[in-house]
Amino acid sequence: MKQEKEYLCDVLIIGSGAAGLSLALQLADNAKVLVLSKGPLREGSTLYAQGGIAAVFDENDSIDSHVNDTLIAGAGLCDEAAVQFTANNAKTAMQWLISQGVPFDQYQDESGKLQYHLTREGGHSHRRILHAADATGQAVQITLVDQVKAHKNIQLLENYNAIDLINGKKIGLDAKRCYGAYVLNTASGEVELIRSRFVALATGGASKVYVYTSNPDVASGDGIAMAWRAGCRVANMEFNQFHPTSLYHPDAPNFLITEAMRGEGAYLLRPDGSRFMPDFDPRAELAPRDIVARAIDFEMKRLGADCVYLDISHKPKDFIIEHFPTIYAKCLGIGIDISKQPIPVVPAAHYTCGGVLTSLDGQTDISNLYAIGEVAYTGLHGANRMASNSLLECVVFAQAAAKHILSQLDAHSPLAPIPAWDDSRVSDSDEEIVISHNWHELRLFMWDYVGIVRTNKRLARALHRVELLQREINEYYSNFHISHNLLELRNLVQVAELIIHSAMQRKESRGLHYNLDYPNLLAAPKPTILEPK
């Protein structure tokens, strides 16, 4: 495998979801931008986001209320400056999306004036969720893809895997600066080089480290692992959000049932039809996700049940179809009429609240390297992400990073020469089964030992297993040609190690991290920050 191609650009954006595409469009009038997409351009977590985006549009709502709700959901670990910054810029970010053509739902008020329909989700004290029916992410992704494809200054590379960032240490220059990336063209199997004045990671989260996840296949923690290897700190990796309600059916793996359904009055039921959330929290079904997920996990284990049920059948059928057309059609396709029957659901790994440590401009510890969206840790989410703050974070921090990059564009030094990728000492592997076996082993023990409820003993077992896997994978990586599956496995194992070490450092139970050996809260909690050696 030899390096055949080299690309030059002002800004390389690794990732093509809401964060990456928003950043590209904010930059492209003034910079040459290259967007790297791991799969097809539309594939990614943004596409599958159902609920919506939080912003204060209602005159009865306030930014202070949005801030307060976020801080409460974050269980004492949010960075208040990051929360305030996000909430203050939320309406501007949404108006930018609207200007791009995102078709958020509207209705006519009593005076005949069009207003945006706002729904409510868990943790929110007001209706403040802009949405496009129950497929908001799809509407955002399709709109931004169309805009990006139409811009002459944006080059798109689909089906490319980033292998590693190029920091100065690798090429004899400033070790704390990023100069580009080596990437794998998965169609040709060739390694290609991208030299860039700035690099932005917009690669999403790492929920694929768990065997049950609502995320698409691409969510394998690539950006977090690459940034760590390049020398960036990461923070709060122990806080993995498990969405309470993923459809439990063999014909529909990874299908999420939006939190907005509970916001519109759906009940969670035991197999005998009785409600259980009022037993766990006064907010019942509208409690934050960590509380709801643990309650479901507790009831399933207590009863030996395979799932619990989400029931909205007490609402009018027309209301259900109007508000949840995607879910209604999906469930009907597998024989469940949600206007008459409850939906079988289980928790599933959904969102990575930690990530690469950044400033409010999206800057990492490495000069010229930015991280935005789920890959980043800004301090917004704390110990638990509040519903519909994730797509919001993507757009708000894309705008902030774009502003910061553009302020430096004219003054920045030219592109540095970078050596070609060298694979002269590796061979083709005839042992692909090793990757497949390690893949399944990793995801299963992460689910069993580092899942919704943890213990010291489970974490120690997980760390021992992940260290063994790392040695195997590093040896494999050193001796054989790289492949898409090998790159993902290498990154997932690295992220798993970061999650385990972070979980072992937190000697309390808070938000999404629940350890039976430390059931109480610490009086003065701090973010868990890991620094590469």
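Q: The radius of gyration is taken over C-alpha atoms, and the globule rule is 2.2 Å times the number of residues to the power 0.38; what radius of gyration does the chain have?
A: This is a predicted model, in which local features need pLDDT of at least 70, side-chain atom pairs count only at pLDDT 80 or more, and totals for chains, interfaces and linings use all residues. Residues are numbered from 1 along each chain as its sequence is written, and side-chain values use heavy atoms, leaving out hydrogens and water. Along its principal axes, the C-alpha trace spans about 65 × 55 × 50 Å. A compact globule of 533 residues would have a radius near 24 Å, and this agrees with the chain's value of 22 Å.

Q: What percentage of the residues in the chain is buried?
A: The term buried means under 20% relative accessible area, exposed means over 50%, and partly exposed lies in between (1.4 Å probe, protein chains only). The chain exposes about 20600 Å², of which carbon and sulfur atoms supply 49%; such areas come from the Shrake-Rupley method with a 1.4 Å probe, and for residues only the protein chains shown count as cover. Of the 533 residues, the buried share is 60%.

Q: What share of the contacts with a separation of 6 or more joins residues 24 or more positions apart?
A: Contact is defined as heavy atoms within 4.5 Å. Among the contacts in the chain with a separation of 6 or more, residues 24 or more positions apart account for 74%.

Q: Which strands stand at the edges of the open sheet of 4 strands?
A: The chain holds 15 helices and 20 strands, where helices (H or I, at least four residues) and strands (E, at least two) are DSSP runs numbered from the N terminus. Two strands pair if DSSP finds at least two bridges between them. In this sheet the order is β13-β16-β15-β14, with antiparallel pairing. Each edge strand pairs on one side only, and these are β13 (240-247) and β14 (267-269).

Q: How many bridges pair β13 with β16?
A: Strand β16 (residues 343-352) is mostly covered, with 10 of its 10 residues buried. Its partner β13 includes His243, which stands opposite Ala348 in β16. The antiparallel pairing of β13 and β16 extends over a number of bridges equal to 6.

Q: Which residue of β15 is the bridge partner of Leu268?
A: Strand β15 (residues 308-311) is joined to β14 by 3 bridges, and the two run antiparallel. β15 is also joined to β16 by 3 bridges in the antiparallel sense, with Val308 opposite Val345 in β16. In β15, the bridge partner of Leu268 is Leu310.

Q: Which residue in β7 stands opposite Thr119?
A: A sheet of 3 strands, open and antiparallel, has the order β3-β7-β6. Its edge strands β3 (53-54) and β6 (118-119) have a single partner strand each, so one side of each is left without a neighbour in the sheet. Strands β6 and β7 (residues 129-130) run antiparallel and are joined by 2 bridges. Opposite Thr119 in β7 stands Ile129.

Q: Which residue offers a backbone nitrogen 3.5 Å from a polar atom of the side chain of Ser207?
A: Ser207 lies in the loop between β11 (190-201) and α7 (222-230), and it counts as buried because its relative accessible area is 4%. Leaving aside neighbours within four places in sequence, its contacts include Thr213, Asn215, Ala349 and His350. A polar contact is a pair of N or O atoms within 3.5 Å; within protein, one must be able to donate a hydrogen and the other to accept it, and residues adjacent in sequence count only if both atoms are side-chain atoms. The backbone nitrogen lying 3.5 Å from a polar atom of the Ser207 side chain belongs to Tyr351.

Q: Is Asn368 buried or exposed?
A: Asn368 is placed in the loop between β17 (355-357) and β18 (369-371). Its phi is near 75 degrees, a positive value in a residue other than glycine. With a relative accessible area of 6%, Asn368 is buried.

Q: What is the relative accessible area of Asn159?
A: Asn159 lies in the loop between β8 (154-158) and β9 (160-167). Its phi, near 60 degrees, is positive although the residue is not glycine. Asn159 counts as partly exposed because its relative accessible area is 33%.

Q: How far apart in space are Ala329 and Phe104, C-alpha to C-alpha?
A: Ala329 is found in helix α11 (residues 325-333) and counts as partly exposed at 47% relative accessibility. Ala329 and Phe104 are 225 residues apart in sequence, and their C-alpha to C-alpha distance is 20 Å.
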